Amino acid sequence: MPALLEVRGISCRYERRAAVVDTSFTLEQGMVASLLGPSGCGKTTVLRAIAGFQALDAGSIHLSGHCIADRRGGLPPERRKLSMVFQDHALFPHLSVEKNVAAGLFARAAAETRDIVQSILEKVGLAGMNHRYPHELSGGQQQRVALARALAPSPQLLLMDEPFSNLDPDLREKLRQEVYGLLQDIGATCLLVTHDQQDAFTFGERVGVMRDGAIEQWDTAYRVYHEPATRFVADFIGEGVFIDGVVSAGNRIDTELASLRGAAGHPPGTRVKVLIRPDDIIHDDNSPRCATITQRAFRGENYLYTLALPSGAEILSLVPSHHNHAVGEDLGIVLDIDHLVVFPA
Ligand code: ATP
């Protein structure tokens, strides 16, 4: 059975400037995935190409095994059986909630439209708000209406462009969990574009990390964090720093911190960079190994300490915030590194 969505080697440009370069990925039916990357890396352009708002220079896009776009053209957006949710909700201000949702349904009997609208409003937690207008709703409620409108026609694929970016952090966290749960319940296939890692991790059955128009890694959220394929992905995802090391015999890497196990096939003598995450460095007053606190950031339940090693190289450590130490103090540390992420220097 073909994947629901197949993006095969697509390239797009704006006038002479390439925005997306030879990008490929597939989405299986029922999968919820994200495209993540810095501003301007081409995420929205990929989404627009799938939706039918952006021409392809090369490659092709297939939905349920049918080609919907290639460099010669493609199906018009309204015939692609997909829906899109935008960052600004794009609701019709002069239409009530139920009319906004019904706007996504064409050529259906009035009773059928009413039933679909009612059922989807209940699913997104807006039952009873049918007659309100967008300006009478909170940002989160407006986003739910936009989601309801997109889901009402039962699209094969739901595309979301930064859907949570206009919400405050608490609501953002709550709504992303709720929306993810809803998409799981109804078995929707969804591709979300975001620059926010937490969005991407929640919608992270697959995460595509983009850079300069190309996908550097298309993988599970867990693997892009723990097994980044490139230094860019390692730098972009999560927090961490690279320290210098040299591969020694017995699959080990000698670093200033310790001799670490796991040289990832690099021959002895190779100079490498080893990724150290804040949760790899555990605070322990009894440890003979120390590093000097150069900065600290209070995060409520934790402090993120920046620690200098004797060479001046810095590492990070996430420590429960009742361990309250000052800049300039030496902090006892032990290493708790499950597996090494290593790149040639
Ligand atoms: P952001 O996270 O900031 O929305 P993005 O990753 O979604 O960024 P795109 O919007 O896809 O990036 O843009 C990719 C590149 O194409 C950028 O360099 C951008 O400046 C350029 N670009 C986007 N839209 C246009 C346009 N209409 N005309 C010309 N260049 C454009």
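Select the ligand and the residues near it (a residue is near when one of its heavy atoms lies within 4 Å): Tyr14, Arg17, Ala19, Pro38, Ser39, Gly40, Cys41, Gly42, Lys43, Thr44 and Thr45. The model is a predicted one, in which local features need pLDDT of at least 70 and side-chain atom pairs count only at pLDDT 80 or more, while totals for chains, interfaces and linings use all residues. Residues are numbered from 1 along each chain as its sequence is written, and side-chain values use heavy atoms, with hydrogens and water left out.

Next, colour β2 (17-27) and α1 (43-51), each of which supplies at least two residues of the shell around the ligand. The largest share, three residues, comes from α1. Helices (H or I, at least four residues) and strands (E, at least two) are DSSP runs, numbered from the N terminus.

Now display distances from the ligand's oxygen atoms. An N or O atom in the side chain of Arg17 is 2.5 Å from a ligand oxygen. For Thr45, a polar side-chain atom lies 2.5 Å from an oxygen atom of the ligand. At Gly42, a polar backbone atom is 3.0 Å from a ligand oxygen.

Finally, select Cys190. A disulfide is a pair of cysteine sulfur atoms within 2.5 Å, and the count here is zero. The cysteine sulfur nearest to that of Cys190 belongs to Cys41, 17 Å away. Is Cys190 buried or exposed? Cys190 is buried, with a relative accessible area of 0%, whereas Cys290 is partly exposed at 39%. Buried means under 20% relative accessible area, exposed over 50%, and partly exposed in between (1.4 Å probe, protein chains only).

Note on methods: Polar contact = N/O pair within 3.5 Å; in protein donor to acceptor, adjacent residues only side chain to side chain.
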